[in-house]
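These are my notebook entries on a structure that I looked through step by step. Each entry records what I looked up and what I found.

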Amino acid sequence: MSLAPLGYLDAAGRRAHSILPLTWFTLSVATAVCIVIAALLWIAVRRAPKNGGALETRSVPVERGSNGINWITVGLLISCVPLLVTLVWTMAALAAVSGPPSHPGLTLDVTAHQWWWEVRYDATNPSETFATANEIHIPVGVPVLVRLHGGDVIHSFWVPKLSGKTDAIPGQTNLSWMQADQPGRYRGQCSEYCGFQHANMAFEVVAESQADFASWRAAEVQPAPDPITPAQARGQALVQYRCGLCHQVRGTGAGAISAPDLTHLMSRRTLAAGRLLNNPGSLIGWIQDPQGIKPGTQMPNQYLSAQQLSDVQAYLVLLR
Ligand SMILES: [Cu+2]
């Protein structure tokens, strides 16, 4: 799969920018400490034989006023300095990232499920609300508030280039926020171990210009298009009958919301939370054998015949 790598050593939004220098600072200090300790250890090991070997070294008494004690005092003092700096800096960074700096330009409801992300765009007009999955579109340059819900077990929402980690806990609504400076695709990932397919619980944040975002939103609000060919009509009937227990295709009889909304399935880049790139080929592979592709996933194998599979595929690729 070719999802963007999870880069936490650079930032693409104001929230991530306020944490990044601290990340680099602690990383550099930790690296320096490792190098110094390794060097001291190496010197000690090299010197041991000259002082009579390991047995001799073990019997050196540590006395008050001797070099041993001084080294401990000096070492403690040295390590206190970066720890103190980190403490103060962490407080400042936490204060900077704790809430959106101004009123959010967009508020989203994100529900974490084993092992996919439900994303709901609410509007004052109910006919303008819609849901999508594993792909979060946001306009650039505005703070976006994310209300996090837990669908089953504890998960954690993390888009390293845009925002820190926030847990999604059943029975509780946690708030996170993010803001992207540049248009682009940013990888997100569940970062709290949540079971078998935790690693395949990725998502993407697509940051785009206000105009692109508005036209994406207008397209998502639309119900699914009607089937045109007989194969597509058979496919739609099958989807309502076989898949509508879990999935929704707005504008059809498939109306359940316990699985990803399929109304505009083909507008998304990936399938099954980043497990596959979305194209007609991988789509048919997924429907034929979800358990083989993502073992343990909450979608059972449907045992469709070859004819049924190709009808379902013919219908689903309409859902742009
Ligand atoms: Cu998870």
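**Entry 1: the first sheet.** Which order do the strands of the open sheet with 5 strands and mixed pairing have, when strand 4 begins the list? I read the order as 4-10-9-6-7. I note at once that this is a predicted model, in which local features need pLDDT of at least 70 and side-chain atom pairs count only at pLDDT 80 or more, while totals for chains, interfaces and linings use all residues. Residues are numbered from 1 along each chain as its sequence is written.

I took helices (H or I, at least four residues) and strands (E, at least two) as DSSP runs, numbered from the N terminus. Two strands count as paired if DSSP finds at least two bridges between them. In general, strands of a sheet pair through backbone hydrogen bonds, either parallel or antiparallel.

At the edges of this sheet I found strand 4 and strand 7 (163-168), each of which pairs on one side only. Direction ignored, neighbouring strands are turned by 20° against each other on average. The axes behind such angles are lines fitted to C-alpha atoms, for helices over the stretch in contact, and angles run from 0 to 180 degrees between N-to-C directions.

I then looked at two pairs of strands. Strand 6 and strand 7 run antiparallel and are joined by 4 bridges; here Phe-157 stands opposite Thr-166 in strand 7. Strand 4 and strand 10 run parallel and are joined by 5 bridges; here Pro-139 stands opposite Glu-208 in strand 10.

**Entry 2: strand 4 and helix 4.** Is strand 4 largely enclosed or largely open? I counted a residue as buried if 20 or more other C-beta atoms lie within 10 Å of its own, exposed if 12 or fewer, and partly exposed in between, with C-beta atoms placed from the backbone. In strand 4, 5 of the 5 residues are buried, so this strand is largely enclosed by the rest of the structure. In a regular strand the side chains alternate between the two faces of the sheet. On one side of strand 4 I found Glu-135, His-137 and Pro-139, and on the other Ile-136 and Ile-138, all of them buried.

Helix 4 lies across strand 4 and strand 10 and runs at about 135° to strand 4. Helix 4 is hardly covered, for the count of buried residues among its 12 residues is 1. I also checked the length of helix 4 (residues 210-221): at 1.5 Å a residue it should span 16 Å, and its end C-alpha atoms are 16 Å apart, which agrees. The expected span is 1.5 Å times one less than the number of residues.

**Entry 3: the second sheet.** Another open sheet of 5 strands has the order 3-2-1-5-8, again with mixed pairing. Strand 3 (130-133) and strand 8 each have a single partner strand, so one side of each is left without a neighbour in the sheet. The twist averages 30° from one strand to the next. Strand 1 and strand 5 run parallel, joined by 7 bridges, and Ala-112 has Gly-150 of strand 5 as its bridge partner.

**Entry 4: the cores.** I looked up the nonpolar cores, which are sets of buried Ala, Val, Leu, Ile, Met, Phe, Trp, Tyr and Cys residues joined through C-beta atoms within 7 Å. The largest has 35 residues, of which Val-110, Trp-117, Val-146, Leu-162 and Ala-273 touch the most other members. Strand 10 gives the largest share of this core, 4 residues. Domain 2 (106-221) and domain 3 (230-316) each supply at least three residues; the domain bounds come from an automatic or database domain assignment.

What does Val-110 contact, leaving aside neighbours within four places in sequence? I found Trp-117, Glu-118, Val-119, Val-146, Leu-148 and Phe-157, where contact requires C-beta atoms, placed from the backbone, within 7 Å. A second, separate core has 12 residues, including Val-239, Cys-243, Val-249 and Leu-265.

**Entry 5: backbone details.** A cis peptide bond, with omega about 0°, joins Gln-114 and Trp-115. Trp-115 is in the loop between strand 1 and strand 2. Asn-134 is not a glycine, yet has a positive phi of about 60°. Asn-134 sits in the loop between strand 3 and strand 4, and it counts as buried because it has 23 C-beta neighbours inside 10 Å.

Definitions and conventions. Contact = placed C-beta atoms within 7 Å.
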